[in-house]
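Let's take a walk through this fold together, one piece at a time. Keep the structure open beside you and turn it as you read.

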Amino acid sequence: MQAEKPVIELTADGSATLFLPGLNEHYHSVKGALAESLHVYIESALRRIEKPEISLLEVGFGTGLNTFLSCLEAARRHIAIHYTTLELFPLSCQEAEALHYPDSVSPQHAALFRALHTARWDTPEEITPYFTLYKRQEDLTCCTFDRLYDVIYFDAFAPEKQPELWEESIFRNLFEHTAAGGVLTTYCAKGEVRRRLQRAGFQVERLAGPPGGKREILRGSKPII
């Protein structure tokens, strides 16, 4: 899918994103890349789980912004996060660093952001005492999992761009690998996506979207039996 070079664009909150002209798709919301990541994934998902050790799955490593924010959150809360992220078409470290996310988030952690991108693929690596990163260069449609996840960031490209990643069978597989009480969040609030999540077993809420961005996002929870 991704053979072209992505183009850097500034979003409304001053943070950057990447645009793929051939796909006509951005990696983040043009209303605010940083605002979207903080609201959809950190605030609405990661901070919902109050455990000293969290297993997290991210669908779409992309620019590494969600991963970077989660790593900082682990240190802030003094919790251990085991972070698995899937990406079939990784960016180069140079492409990611050109976005200058540490400048917007935490300038003193620029080396940490680089470490996330230079970490080896397909093998877990301890990035900090609180954060273990497992980058898997795999296709979600044929991916298998060997653990349950407390948090899932579903950050694939939009359903009209990558429809195969939004099929009900995908959500059923994710539900089976979600721990009781675990959550899945996504920026996409389309009715059919909500219904597929519900049919897969999730209890789904519509939440307010990020300030200045989309009106709604979705959060699915796995009931505690």
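Start with Glu53, whose bridge partner in β5 is Ala80. Keep in mind that what you are looking at is a predicted model. The bridge between Glu53 and Ala80 belongs to β5, and the pairing of β4 with strand β5 (residues 80-86) is parallel, over seven bridges. How does the chain get from β4 to β5? It crosses through α2, and this β-α-β crossover is right-handed.

β4 is a good strand to linger on. Six of its seven residues are buried, so β4 counts as mostly covered. Besides β5, β4 has another partner: β4 (residues 53-59) also pairs with strand β8 (residues 149-154), again in the parallel sense, over four bridges. You can find this pairing by looking for Leu56, which stands opposite Val151 in β8. Then look for Val59, which has Phe154 opposite it in β8.

Now zoom out to the sheet these strands belong to. It is an open sheet of eight strands, and if you read across it the order is β6-β7-β5-β4-β8-β9-β11-β10, with mixed pairing. Which strands sit at the edges? They are β6 (125-128) and β10 (203-208), each of which pairs on one side only. From one strand to the next, the twist averages 20 degrees. Helix α5 (residues 110-118) packs on this sheet, where it touches β6 and β7 (131-136). The direction of α5 makes about 40 degrees with that of β7.

Carry on from β8 to its partner β9. The two pair in the parallel sense over five bridges, and here Phe154 turns up again, with Thr186 as its bridge partner in β9. To get from β8 to β9 the chain passes through helix α6 (residues 168-176), in a right-handed β-α-β crossover. Strand β9 (residues 178-186) is mostly covered, with seven of its nine residues buried. β9 is also joined by four bridges to strand β11 (residues 216-221), and those two run antiparallel. One spot to check there is Thr185, which stands opposite Arg219 in β11.

Helix α6 has a residue worth stopping at: Glu168. Is Glu168 buried or exposed? Its relative accessible area is 18%, and since buried means under 20%, Glu168 counts as buried. What does its side chain do? It makes a polar contact with the side chain of Arg172, at 2.6 Å. Setting aside residues up to four places away in sequence, Glu168 touches Arg196 and Arg199. Gln198 is 30 residues from Glu168 along the chain, and the C-alpha atoms of the two are separated by 9.3 Å.

Next, the core. The largest nonpolar core has 67 residues, and the members that touch the most others are Ile81, Phe131, Val151, Tyr153, Phe154, Trp166 and Leu174. Helix α2 (residues 65-77) gives the most to this core, with six residues. You have already met Val151 opposite Leu56, and Phe154 opposite Val59. Try following Ile81 too: leaving aside its neighbours within four places in sequence, Ile81 is in contact with Leu46, Ile54, Leu56, Ser70, Ala74, Tyr130, Phe131 and Thr132.

There is another sheet to find. Three strands form it, in the order β1-β2-β3, and this open sheet has antiparallel pairing. β1 (7-10) and β3 stand at its edges with a single partner strand each, so one side of each is left without a neighbour in the sheet. Strand β2 (residues 16-20) and β3 are paired over two bridges, and Leu20 stands opposite Glu25 in β3.

Just past that sheet comes the last stop, His28, in the loop between β3 (25-26) and α1 (33-43). Why call His28 buried? Because its relative accessible area is 8%, and the cut-off for buried is under 20%. The side chain of His28 makes a polar contact, at 3.3 Å, with the side chain of Tyr101. Not counting residues up to four places away in sequence, His28 touches Ala16, Thr17, Ala33, Glu36, Ser37, Thr63, Leu65 and Tyr101.

Note on methods
Residues numbered from 1 in each chain as written. Predicted model: local features only at pLDDT ≥ 70, side-chain atom pairs only at ≥ 80, totals over all residues. Heavy atoms only, no water. Core = buried A, V, L, I, M, F, W, Y, C linked by side-chain atoms within 4.5 Å. Buried < 20%, exposed > 50% of the residue type's maximum accessible area, 1.4 Å probe, protein only. Contact = heavy atoms within 4.5 Å. Polar contact = N/O pair within 3.5 Å; in protein donor to acceptor, adjacent residues only side chain to side chain. Pairing = 2+ DSSP bridges. Axes fitted to C-alpha atoms, helices over the stretch in contact; angles between N-to-C directions. Right-handed = clockwise from strand over helix to strand, strands pointing away.
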